[in-house]
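Please read the following walk through the model with the sequence and the coordinates open side by side, moving from whole chains to single residues.

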Amino acid sequence: MAKDDNGAEHVTAADSPGAQLATSAASTAVVTRDSLVNPGFPPHRPRITDLDHKEERKAERTVYTLFYVSIVGSVFAIAAYMAFPIVAEDPGSVRLNNLFIGLGLTLALMAIGIGAVHWGKALMSDHEGVDERHPVRGTEPVRARAVEIFQQANEESGFGRRTLIRNSLIGALVVFPLPAVVLFRGLGPMDQDPVALLHETMWKKGVRLTMDPSGTPIKAADVTLGSSFHVIPEGLSEMGHGRLEEKAKAAVLLIRMDPNDLTEQEDRKSWSYDGIVAYSKICTHVGCPVALYEQQTHHLLCPCHQSQFDVENHCKVIFGPAKRALPQLPIAVDAEGYLIAQSDFTEPVGPSFWERA
Amino acid sequence: MTTLTTRDTADDQSVGAKKSGGFTASAANYIDERTSISGAVKELGRKIFPDHWSFLLGEVALYSFVIILLSGSFLTFFYQASMAEVVYEGSYAPLKGIPMSVAMSSTMDISFDIRGGLLMRQVHHWAALLFVAAIGLHMLRIYFTGAFRKPRELNWVIGFILFILAMAEGFTGYSLPDDLLSGNGLRIIDGLIKGIPVVGTWVSFLLFGGEFPGTDIVGRLYSLHILLLPAIIVALIAMHLLFIVVHKHTQYPAAGHTNENVVGYPVLPVYAAKAGGFFFIVFGVVMLIASLFTINPIWNYGPYDPSPVSAGTQPDWYIGFADGAMRLIPTGWEFVWLNHTYSLNILVVLVVVGLFIVTVMVYPFIEAWITGDKREHHVLDRPRNAPTRTAIGAAGVTFYASLWAAASSDIMATHFHLTMEGVIHTLQVTTLLGPFLAFFITKRVCLALQKKDREIVLHGYESGRIVRLPGGEFVEVHQPVDEYERWKLVSYSDFKPLMLRPNAQGKIGAAEKVRAGLSRWFFEDRITPVTQTELSRAHGDHPAEITEK
């Protein structure tokens with residue numbers, strides 16, 4: 001039996017968990033004087049490896065065999081690294097490389113683990129030890145000495161007495177991290193106004209609607225009834241810098257429906273062209289692309305949080321956590337028959353933000 | 001070996017080393033003379049750790065963290081956290097010639113051009129999933145056995161912070177490949193942040209270095225992921241383990257176990273063999289999963305683009321509860337007031353999820369305040385012996401599970417041919433009512449189990465033997481449990497509802513009234529442990545038992 005010999009005073013207490021230490025007046029714990037008594041440890045039961053020498057030998061063999069197996073596993077992993085190289089443009093070779101190195105390492109690791117645990121359980125002494133516990137709080141003399149040290153330090157430094165020094169120090173310590181906070185202003189760009197940027201996209205009068213990602217302009221005649229196109233503004237696909245940022249605002253879904261199915265507001269009648277409507281693809285909830293179009297019901301579904309928008313009805317929200325309809329892009333047709341934007345969106349696209357309204 | 005004799009401290013190591021002589025002894029002596037390590041061996045070498053399967057959950061968490069560090073270090077040698085655009089020219093044919101970020105391209109190279117690279121990526125990802133899962137289960141074990149009680153409240157808080165940091169590590173790591181799925185995850189984070197009143201827009205611009213997605217975020221998350229967060233985690237794990245040494249491990253109620261002892265196996269050799277071996281087993285299991293099962297196949301998703309997204313997207317499991325909460329908000333929770341937009345569909349999620357996890361963090365202090373119990377507790381509660389606590393836990397688990405299930409609402413709808421609306425409405429109901437139902441059922445089950453325990457202690461267990469008495473009556477013989485088993489059933493803390501008493505001014509404060517109410521809610525239908533008197537009286541009632549014995 002292991003014994004803890006830290007030397008702190010031993011607190012004696014009854015075995016009942018209710019009987020320890022003084023319960024404060026505020027405590028609702030019930031201390032029963034009549035509780036049953038802890039019977040102490042049950043008799044120790046020897047294991048089969050303690051009783052049978054043959055079993056002990058067997059366990060010993062198992063343990064060292066496992067450790068040898070581990071060596072085999074490690075060697076196998078190294079061999080697999082060489083035997084299963086990755087061949088360019090052959091995903092199957094990646095799979096074999098992954099599988100065989102992995103299996104070798106699995107064997108190497110598992111065999112060590114199982115061997116060590118088996119050694120511990122079957123062969124090492126299984127007599128439980130007992131450590132005594134002591135209250136976590138320091139003993140009274142130690143606590144008294146700690147208080148004394150603080151008092152002495154206070155005395156010698158004058159921390160409590162020289163209040164001007166103390167308070168100015170506290171002040172200095174509070175203020176000195178502030179420059180670090182200010183430095184983080186550099187995380188964001190200095191020369192941009194977020195609110196203005198969020199209010200505008202690449203769309204403006206006369207910009208052609210083009211296919212995502214090829215950038216091919218779309219003729220109104222090519223948009224057949226019931227079809228839908230993923231659309232980006234002309235020029236976006238050739239952009240180098242800032243392409244994704246612009247795309248994250250300007251992505252549009254183009255849908256052609258039977259004009260009779262469209263319920264259009266008076267002031268927006270001119271925004272569509274012969275049943276072709278264009279709506280922002282960026283969800284008004286948290287900005288996922290609303291990419292799933294149900295042709296039968298004319299509903300758009302956001303795959304992230306399942307907001308649904310009704311294309312027949314200016315993409316009003318019919319289900320899900322989004323509140324606002326998808327912004328509509330006013331479109332028209334130019335002289336060559338290509339679809340163009342009449343203007344930018346008339347409201348900010350994408351998720352709501354504080355300064356949006 | 002003459003140097004050894006100059007040290008007269010009779011510590012185990014130098015004595016042992018002296019006997020074996022030779023190299024081991026001189027090496028041990030060399031190190032001890034420079035580090036005084038024999039003192040540490042003396043203190044810790046035979047320290048006792050109790051054995052129970054549920055104590056392994058925390059070990060799994062620790063070991064998976066070590067696995068994450070090992071595999072992650074390997075990955076850092078190949079991964080490049082840059083969002084500069086390159087054209088992919090690696091081995092994976094379907095993506096050849098497609099522009100993508102250097103981050104994505106280097107992750108593709110790890111997967112398809114570096115031998116064992118995919119394996120390490122998968123080990124890293126699977127171990128990360130296991131890490132968070134093990135922490136979660138470990139926390140449930142701590143909660144349901146009352147191991148968070150004095151003196152371990154602060155260690156509960158440290159563990160809680162580790163849980164949050166583990167999720168943060170998971171999310172930052174998930175975003176690093178800069179693939180379509182992770183980019184969508186960041187898009188959602190951006191949308192969430194923008195929905196925060198007053199500061200949201202600016203915080204989003206600071207985080208992303210301008211407009212979403214920008215070219216900064218991956219590099220920034222990388223710094224967090226491999227430097228700042230792991231450093232904090234390592235420091236907190238060290239504190240967490242130090243506290244375990246200071247407090248000594250808790251133990252389950254059993255014969256011989258008291259609040260003043262700890263019963264188990266010494267570190268050297270048994271615990272070291274078992275715990276050390278267990279590390280290799282956990283590592284081996286993760287390795288096996290990583291060799292056989294694909295995780296996060298970014299080559300199927302492609303590089304991030306704000307426009308496409310596939311149906312059935314799922315976050316990593318531990319983010320599910322937050323994502324699910326967002327899906328459960330009904331339509332239309334947003335309004336404009338005084339020319340500013342209030343996004344309740346986002347704020348309510350942040351507040352409710354925030355309150356939920358803060359409640360988890362402060363629960364030990366709430367319970368301690370209600371019971372007013374200032375004693376140290378080292379013997380664990382069996383969950384049934386704290387019925388209200390267990391029921392609260394079950395309610396919390398139900399709430400979490402409902403949110404978590406909601407993150408798969410679309411998958412459930414398509415797999416089981418249900419309507420999206422039906423799934424969401426059902427989960428809205430289970431989120432709101434499920435916890436109450438779970439609370440009620442769990443509490444009743446606990447009380448019933450306690451009553452059953454009482455009955456077993458007082459009248460023995462049903463032996464299955466039917467005996468016909470001389471009078472023709474049939475009775476089933478009840479066998480009494482032995483004293484060791486009995487102790488397990490009767491040794492638990494008992495509390496009664498708080499009796500309100502006026503203070504010195506003759507007043508009853510509002511806080512005390514609240515406390516009394518909560519205390520009544522906790523303890524009014526308590527089942528007390530069997531006392532000596534009850535036991536002897538019960539034996540007197542059942543002469544048949546005694547004769548059968």
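In chain A, among the contacts with a separation of 6 or more, 55% are between residues 24 or more positions apart. This is a predicted model, and what follows should be read with that in mind. The secondary structure of chain A consists of eight helices and twelve strands. Chain A is more spread out than a compact globule, because its radius of gyration is 38 Å, well over the 21 Å that the globule rule gives for 357 residues. Taken along the principal axes, the box filled by the C-alpha atoms of chain A is roughly 95 × 75 × 50 Å, and 34% of the 357 residues of this chain count as buried.

The division of chain A into domains helps to orient the reader: domain 1 covers 48-123, domain 2 covers 140-182 and domain 3 covers 197-341. Between the C-alpha centres of domain 1 of chain A and domain 3 of chain A there is a distance of 57 Å.

An open sheet of four strands can be picked out in chain A, with the order β7-β8-β9-β10 and antiparallel pairing. Its edge strands are β7 (292-294) and β10 (316-319) of chain A, each of which pairs on one side only, and the twist from one strand to the next averages 35°. Within this sheet, strand β9 (residues 308-310) of chain A is joined to β10(A) by three bridges, the two strands running antiparallel; to find the pairing in the sequence, one may look for Asp310(A), which stands opposite Lys316(A) in β10(A).

Chain B can be described in the same terms. This chain has 22 helices and nine strands, and its C-alpha atoms fill a box of roughly 90 × 80 × 65 Å along the principal axes. Of the 549 residues in chain B, 45% are buried, and where contacts in chain B join residues at least 6 apart in sequence, 72% of them are between residues at least 24 apart.

How do the two chains meet? The interface brings 115 residues of chain B into contact with 98 residues of chain A. On the side of chain B that touches chain A, the largest share, 15 residues, is supplied by helix α12 (residues 267-292) of chain B, and by class this side of chain B has 53 nonpolar, 40 polar and 22 charged residues. The two chains also pair through strands: strand β1 (residues 29-30) of chain A and strand β9 (residues 494-495) of chain B are linked by two bridges in the antiparallel sense, with Phe495(B) in β9(B) as the bridge partner of Ala29(A).

A single residue, Val94(A), gives a closer view of contacts both within chain A and across to chain B. Val94(A) is found in helix α3 (residues 91-123) of chain A, and it counts as buried because it has 23 C-beta neighbours inside 10 Å, the cut-off for burial being 20 or more. Leaving aside residues up to four places away in sequence, Val94(A) touches Ile86(A) as well as Phe112(B) and Leu118(B). Phe84(A) lies ten residues from Val94(A) along the chain, and the C-alpha atoms of these two residues are separated by 8.3 Å.

Technical notes
Residues are numbered from 1 along each chain as its sequence is written. Chains are lettered from A and ligands numbered from 1 in the order in which they are written. This is a predicted model: local features need pLDDT of at least 70, side-chain atom pairs count only at pLDDT 80 or more; totals for chains, interfaces and linings use all residues. The radius of gyration is taken over C-alpha atoms; the globule rule is 2.2 Å times the number of residues to the power 0.38. A residue is buried if 20 or more other C-beta atoms lie within 10 Å of its own, exposed if 12 or fewer, and partly exposed in between; C-beta atoms are placed from the backbone. Two residues are in contact if their C-beta atoms, placed from the backbone, lie within 7 Å. Ala, Val, Leu, Ile, Met, Phe, Trp, Tyr, Cys and Pro count as nonpolar, Asp, Glu, Lys and Arg as charged, and the others, Gly among them, as polar. Two strands pair if DSSP finds at least two bridges between them. Domain bounds come from an automatic or database domain assignment. Axes are lines fitted to C-alpha atoms, for helices over the stretch in contact, and angles run from 0 to 180 degrees between N-to-C directions.
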